[in-house]
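I open this notebook to record what I looked up in the structure, entry by entry, with the cut-offs set beside the terms that depend on them.

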Amino acid sequence: MGSAGDRLTADFIARRPEGLARVYEYYASDLVSVARHVLGNRGAAEDCVHDALLRIWRTPGSYHPERGALRSFLIACVRNQAMTMLRGSTRRTDRERANYQLESTAQPPTELQIGDHVEVARLRAAMERLPSDQRVALEHAYFKNKTQRQIADDLGVPLGTIKSRISHAMRTLADELREPEVSRS
Amino acid sequence: MTDHLDDDLELYALGMLEPHEREVVDAHVAACKPCLARLIQAEEIGAALAGALPRYEPSPELSARLMGRRRKPRVQAVWWMGVAAAFLLLVGQSWRSYQFGTALRSQDAILATLVHSHFDHVNLTIAQPAPGFGAKAIYARDGSWMYLIVDHAPLSLHVVVQSAAGRQDLGAITPTNGVATLFVRPAQRITGIELLAGGAPAASAKLIY
C-alpha cells in the first residue's frame, strides 16, 4: 500500500472526519455495487452501506491494519451486512421480500461480467480452471447469493460437501491469483 | 492455539455465516494468526469477486447522510443556519468593543453578504490537537466581516481577536453537531484570532490583508 493508502487507513482508524470522507470517495462505488448485487435495489443497498460504514467507524478497534487491506475488509463487512439483510427478508413475508429483490429478480447476474480489469480477467480464467463442482458451488454462493442450505438442496448434495467445495474453491483461487502474472506478447 | 477453523473462514468472507457464527470466527482469529491469515486471503478473493460485479455509483443522498453525521457539508443551507445562530448569540452578548453595522437578521442576508464580497481564508494553527479538531477563518478583504468555522470544537471555546483597538474577548461559541461558527462585523478589521479552550490557547491565526 502506498503512502496515500497508508494515510487513508491511518485517518480512518483515528476516526478523523477526512478519513471517513476519503474512504467514501475511494470505496463507495465498490461497496454500493456489492450491496446492490445482493439486495437488488438502490435504497436497500445504500441503507446497508450506510449502516455498515457507520458501525465500523463508530466502533474503536473494529479495524486495524493487521486485519488485512481496508478495502477487502470493508467489502467483506458490507457483503455480510447485505446477506444478513437478505436472509432476514426471506424470513419475512413475500411482500417484504419483493421489496429487496425487485430489481435483482429482473436481472440476476449469474456469471462474471467481462471487464477490462486485469484482475477480473485473471479471476475469470482462474475460475474456469476450477473443478466444475467447486466452480458451480462458488457461483451459487457469490453470484446467486444463495445460502448453504439452498445450494445443497439445489445441487442435491450434503451441506458439509457444499461448505467444503466453496472453501476449496476460494483457497484455490487465492493460490492462483497469488502467482505473478506473466505477460505474453 | 492448535485447533484451526475449517470452511467457516471462507464462508465468512462470502457473507454466508449467521451473525452468531461470525462472532465465533471473529473471536478465534483475534487469537489465531494462521486463521487470520486465511481469513484475510479469503476476503481478498471476495474483493476480487466484487470487482467483477456490475458497477453502481452511490447517490448524492448517501454521501450527505454519511458525511452529514460527521461534519457539515462545505456549502449547504444548514451551514448558514449555524452562522445565523452564532450571530444572534453574539448579538446577545453585549459586545461593546465592536460596533455592528447593518444588523443581519436572517441567514439569507448573511449569505448575501458573503456572495457579494471578495474574501480570503486562513486555517488556524492548532495548538491542542484533538481528533477532527480544525478551524478556518474566512474574512472580507476590506476587513468588514469575518466568519469563523470550527470543526469538532471543544465545549466552551472562547474566541479572542486582535485589531487596532486591541485584544478583545468575543465570548464563548457553542458547537452544534460538532461544528461551531461565528460571524462578526468589526468596527476595525481583525488582524489576529485566537481560540481558547479551558483558558489555554487551542488554535490561532493571523489575518493578512
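I began with the contacts inside chain A: among those between residues at least 6 apart in sequence, 61% join residues at least 24 apart, where two residues are in contact if their C-beta atoms, placed from the backbone, lie within 7 Å. I note here that this is a predicted model, in which local features need pLDDT of at least 70 and side-chain atom pairs count only at pLDDT 80 or more, whereas totals for chains, interfaces and linings use all residues. Residues are numbered from 1 along each chain as its sequence is written, and chains are lettered from A and ligands numbered from 1 in the order in which they are written.

**Chain A, helices**

I looked up the make-up of chain A and found 9 helices and 0 strands; helices (H or I, at least four residues) and strands (E, at least two) are DSSP runs, numbered from the N terminus. Of its 185 residues, 36% count as buried, the term being given to a residue with 20 or more other C-beta atoms within 10 Å of its own, while exposed stands for 12 or fewer and partly exposed for the range in between, with C-beta atoms placed from the backbone.

I then took helix α9 (residues 159-178) of chain A, whose 20 residues reach 29 Å from the first C-alpha to the last, close to the 28 Å expected at 1.5 Å a residue; the expected span is 1.5 Å times one less than the number of residues. Its buried residues are A:I162, A:K163, A:R165, A:I166, A:S167, A:A169, A:M170 and A:L173. I set beside this list the reminder that an α-helix has 3.6 residues a turn, so residues three or four places apart point the same way.

**Nonpolar cores**

Which residues touch the most other members of the largest nonpolar core? I found A:A35, A:V49 and A:V78, in a core of 63 residues, to which helix α4 (residues 70-91) of chain A gives the largest share, 10 residues. A nonpolar core is a set of buried Ala, Val, Leu, Ile, Met, Phe, Trp, Tyr and Cys residues joined through C-beta atoms within 7 Å. Leaving aside neighbours within four places in sequence, A:A35 is in contact with A:A45, A:C48, A:V49, A:V78 and A:A82. Apart from the largest core lies another, of 26 residues, which includes B:L124, B:V150, B:V159 and B:A180.

**Where the chains meet**

I counted 39 residues of chain B in contact with 53 residues of chain A. On the side of chain B that touches chain A, the elements giving two or more residues are α1 (8-13), α2 (19-29), α3 (33-50) and α4 (60-68) of chain B, and α3(B) supplies the largest share, 11 residues. That side divides into 21 nonpolar, 7 polar and 11 charged residues, with Ala, Val, Leu, Ile, Met, Phe, Trp, Tyr, Cys and Pro counted as nonpolar, Asp, Glu, Lys and Arg as charged, and the others, Gly among them, as polar.

**Chain B, five-stranded sheet**

I traced an open sheet of 5 strands in the order β2-β9-β8-β5-β6 (chain B), with antiparallel pairing; two strands pair if DSSP finds at least two bridges between them. In chain B, β2 and β6 (166-173) stand at the edges with a single partner strand each, so one side of each is left without a neighbour in the sheet. Strand β2 (residues 125-126) and strand β9 (residues 200-206) of chain B are joined by 2 bridges, and B:T125 has B:S204 as its bridge partner in β9(B). Strand β8 (residues 190-197) of chain B is joined to β9(B) by 6 bridges, with B:G192 opposite B:K206. In the hairpin of β8(B) and β9(B), with 2 residues between the strands, B:G198 takes a positive phi near 65°. Strand β5 (residues 157-163) of chain B is joined to β8(B) by 7 bridges, and B:S163 stands opposite B:I190.

**Chain B, four-stranded sheet**

I found 4 further strands in an open, antiparallel sheet, ordered β1-β3-β4-β7 (chain B). Strand β1 (residues 119-123) of chain B lies largely in the open, because the number buried among its 5 residues is 0. It is joined to strand β3 (residues 134-140) of chain B by 5 bridges, and B:F119 stands opposite B:A140.

**B:Q128**

I closed with B:Q128, in the loop between β2 and β3 of chain B, which is partly exposed with 14 other C-beta atoms within 10 Å. B:Q128 and B:A200 are 72 residues apart in sequence and 8.8 Å apart in space, C-alpha to C-alpha.
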